[in-house]
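New to this one? Here is a short, informal tour through a few of its features.

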Amino acid sequence: MNGAEIIIRSLVDQGVEVIFGYPGGAVLPIYDAIFGQNKLRHILVRHEQGAVHAAEGYARSTGKVGAVLVTSGPGATNAVTGLTDALMDSIPIVCITGQVATHLIGNDAFQEADTTGITRPCTKHNYLVKSADDVARVVHEAFYVARSGRPGPVVIDMPKDVQLAKGDYVGPETVAHRTYQPRIQGEPSAIERAVKLIAGAKRPIFYTGGGVINAGPEASARLIEFARMTGVPVTNTLMGLGAFPGSDPQFVGMLGMHGTYEANKAMHDCDVMVCLGARFDDRITGRLDAFSPNSQKIHVDIDPSSINKNVSVDVPIIGDVGAVLGDMIEIWKRDGLKTDSQALKAWWGTIDEWRSIKCLSYDQDETTIKPQYAIERLYDLTKDRETFITTEVGQHQMWAAQFYKFETPNHWMTSGGLGTMGYGMPAAIGVQLAHPDALVVDIAGEASILMCIQELSTAAQYNLPIKVFVLNNEYMGMVRQWQELLHGGRYSESYSEALPDFVKLAEAFGVKGLRAERPDQVDGLIEEMVNTDGPVLADVRVDKVENCFPMIPSGSAHDDMILGPVDRAKREVTDAGKALV
Amino acid sequence: MTDVEKCSRRHTIAALVDNESGVLARVIGLFSGRGYNIESLTVAETNPSEKVSRITIVTSGTPMVIEQIKAQLGRLVPVHKVGDLTIEGPHVERELALIKVAGTGEPRVESLRIADIFRARVVDSTNDSFVFELTGASSKLDAFVDLMKPLGLVDVSRTGIVAISRGAESL
Ligand SMILES: Cc1ncc(C[n+]2csc(CCOP(=O)(O)OP(=O)(O)O)c2C)c(N)n1
Ligand SMILES: [Mg+2]
């Protein structure tokens, strides 16, 4: 076999069924090897950023490693945004990049880029393969690294001469990384301490993140079991939605900058915080020195560097969150533990008071579609099917997180850490390929969707019935909102002066286009959209100046949120707050 | 001085890493990308049969930052082990310098006299220059360099600190 054939064989032996890619000179031998086989399906995207996002959607909705193939130089640099996105959100990806022949490396050859140099800070690990005999080992090792511990993207840079040289194949079973062995089992004594703390808590909360999703459906099942046993309220981060059923009364909603009033208040006032697979990032904590001042904090994370990074905790536990939850449940049962039911009743009473504020309410009139309403209708009309939701980035993303309720993990894909506009449609393509019979909807903004609009062509080519649900407010709404709140309403460059006719645009791509302009058209549009066999792009004209609330303005504390337009009038954001992103 | 500077402390950290291409760039990129400072860094292969190198880094930061540095280093795929010599018990730190001093007459003689006091060795000599080799704690090297300045100091090359723990234990 030559290096290119070894790559394909290794991918197949790793269980890869679909690879997202785009050809070019430096990967022609690999494309030749793809041509001669039918075990690995290649999906031709229209831009390498789309290839990585599609692989992310595929990975996040299946729990498998996503695979990508791009050429050298511009192919690799175009993939960088996707790789960074996958790194920030801990998504397992293996991305193979072509490289100029070994003897040309460093000569500024045509389409040469220092791919391992460029991708070093935006991958979990990367390789430059110098011999065909190393190819199989490197590919297997890359899959191991991508999926083990805290998952992430791995790049394999393949010079063209290595693709053409003959080499020996070795199977996946022969490969284990010599030293990279992340810890799975948590420290037993720390887990014991944590469980005691939970049992003694009067105002506990489970704050869970993307780590629970990454730990597999088993971890979510254990979270639900442990929450039931203890009666503790649960909040999820943006990345963690779906780990706990969104419609469950024990769920207090998403937390953070646009989280619910009750979730953020509960975080602020709790006495024991159990952080499971989340990382105390700035969108979650708000002002750090005012973050949950009176709680003892337990933090379970597979990545030791997440512990004590932003917030120092009392009981750190390094391990797989599913495994640790399993141990916690066992100890709870073994010792016949119970939470203080009196105290929990009072705690729930307080939470219910916060809930009664109904922080997500909005006013829907008869003339203008409120974006929240559109998403609520989408939820109501699709919740009984197997539905996957992806999003772009902006207000629509936050409204989707607030108003679409996820009952199971792996059904919600959004760009959290990097906040990448353009993520949603390619991600939806990846999800749809993994789940051909499911409904896959990208909840989009009219600005974001234009960032990877070319992928509509991919959806058309493979007749992937994705639904792009554009909440068109003609503004980069989230930017406009910040300008309104922080910059005196000076709407610098946030209005889209020239938007395409999205219906015609869809049609030009060979995709069905739909439009709704009045509230009474929303249901009909959604029905038609979900009942169309092929891909659809729906242009939903929504209120242009609706803001997303509640909101913890940057630099403010959890108990200091803006609830809505009336509340807002009383607020001033400090200069220190303005300096934060 | 800010509070952060006040509780900032110097640490000597040792890491065992696979001696593969890019590993040093990864470590350095981690420090620059996350805004940690490097006072000195030395690296060389220490176990050729297993292709393992040892990196010694001197850095400074608050306890929380130092913990982060160690955790961030530890999660790099080619890093096997990370130790903090500063907190893990007594250890020995050494640095080597080559120092070139040019001159003739009295200053030249004086430089040789001082070298003798510092136990620096002459490793090269011409009619009008010496190269001294000096090993020791960094402060000793600093002191020697300072004394050479008025005597015709031309060039200094220093290795940065290497360190190892005292006693029978390995890293
Ligand atoms: C690639 C990229 N560039 C810029 C931004 C900054 N940004 C965040 S939200 C946003 C506006 C998004 O507008 P739209 O897609 O219409 O969504 P809306 O907020 O209106 O719902 C911008 C420009 C980003 N997140 N990603
Ligand atoms: Mg918009």
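A residue counts as buried when its relative accessible area is under 20%. Keep that cut-off in mind for helix H6 of chain A in this predicted model: 11 of the 13 residues of H6(A) are buried, so the helix is largely enclosed by the rest of the structure. The buried ones include A:Val135, A:His140, A:Glu141, A:Phe143 and A:Tyr144. What do the buried residues of H6(A) pack against? Their partners in chain A are helix H1 (3-13), strand S4 (93-99), strand S5 (125-128), strand S6 (153-159) and helix H7 (160-164).

The length of H6(A), which covers residues 135-147, works out too: at 1.5 Å a residue it should span 18 Å, and its end C-alpha atoms are 19 Å apart, which agrees. After the helix comes A:Gly149, with a positive phi near 60°.

Now for chain B, which has an average pLDDT of 95, with 97% of its residues scoring at least 70. For the complex, the predictor gives an ipTM of 0.91 and a pTM of 0.96.

Two helices of chain B are worth a look. H4 (residues 106-118) and H5 (residues 138-148) pack at an angle of about 170°, and their axes are 10 Å apart. That makes H4(B) roughly antiparallel to H5(B), because angles over 145 degrees count that way. On the H4(B) side, the contact is made by B:Ser111, B:Ile114, B:Ala115 and B:Phe118, while H5(B) brings B:Lys140, B:Ala143, B:Phe144, B:Leu147 and B:Met148. By type, the residues of this contact are 7 nonpolar, 1 polar and 1 charged.

A few loop residues round off the tour. Two of them have a positive phi without being glycine:

| Residue | Phi | Loop between | Relative accessibility |
|---|---|---|---|
| A:Asn308 | near 60° | S11 (296-301) and S12 (315-318) of chain A | 23%, partly exposed |
| B:Lys51 | about 55° | S2 (40-47) and S3 (52-61) of chain B | 47%, partly exposed |

Chain A also has a cis peptide bond, joining A:Phe549 and A:Pro550, with omega about -5°. A:Pro550 sits in the loop between strand S18 (536-541) and helix H22 (565-568).

Last comes A:Glu386, in the loop between helix H15 (371-382) and strand S13 (387-391) of chain A. With a relative accessible area of 45%, A:Glu386 is partly exposed. Which residues does A:Glu386 contact, leaving aside its neighbours within four places in sequence? They are A:His411, A:Ala438 and A:Leu439. A:His411 is 25 residues away from A:Glu386 in sequence, and their C-alpha atoms are 8.7 Å apart.

Terms used: Residues are numbered from 1 along each chain as its sequence is written. Chains are lettered from A and ligands numbered from 1 in the order in which they are written. This is a predicted model: local features need pLDDT of at least 70, side-chain atom pairs count only at pLDDT 80 or more; totals for chains, interfaces and linings use all residues. Side-chain values use heavy atoms; hydrogens and water are left out. Helices (H or I, at least four residues) and strands (E, at least two) are DSSP runs, numbered from the N terminus. The expected span of a helix is 1.5 Å times one less than its number of residues. Buried means under 20% relative accessible area, exposed over 50%, partly exposed in between (1.4 Å probe, protein chains only). Contact means heavy atoms within 4.5 Å. pLDDT is the predictor's confidence in each residue, from 0 to 100. Axes are lines fitted to C-alpha atoms, for helices over the stretch in contact, and angles run from 0 to 180 degrees between N-to-C directions. Angles under 35 degrees count as roughly parallel, over 145 as roughly antiparallel, 65 to 115 as roughly perpendicular and the rest as oblique. Ala, Val, Leu, Ile, Met, Phe, Trp, Tyr, Cys and Pro count as nonpolar, Asp, Glu, Lys and Arg as charged, and the others, Gly among them, as polar.
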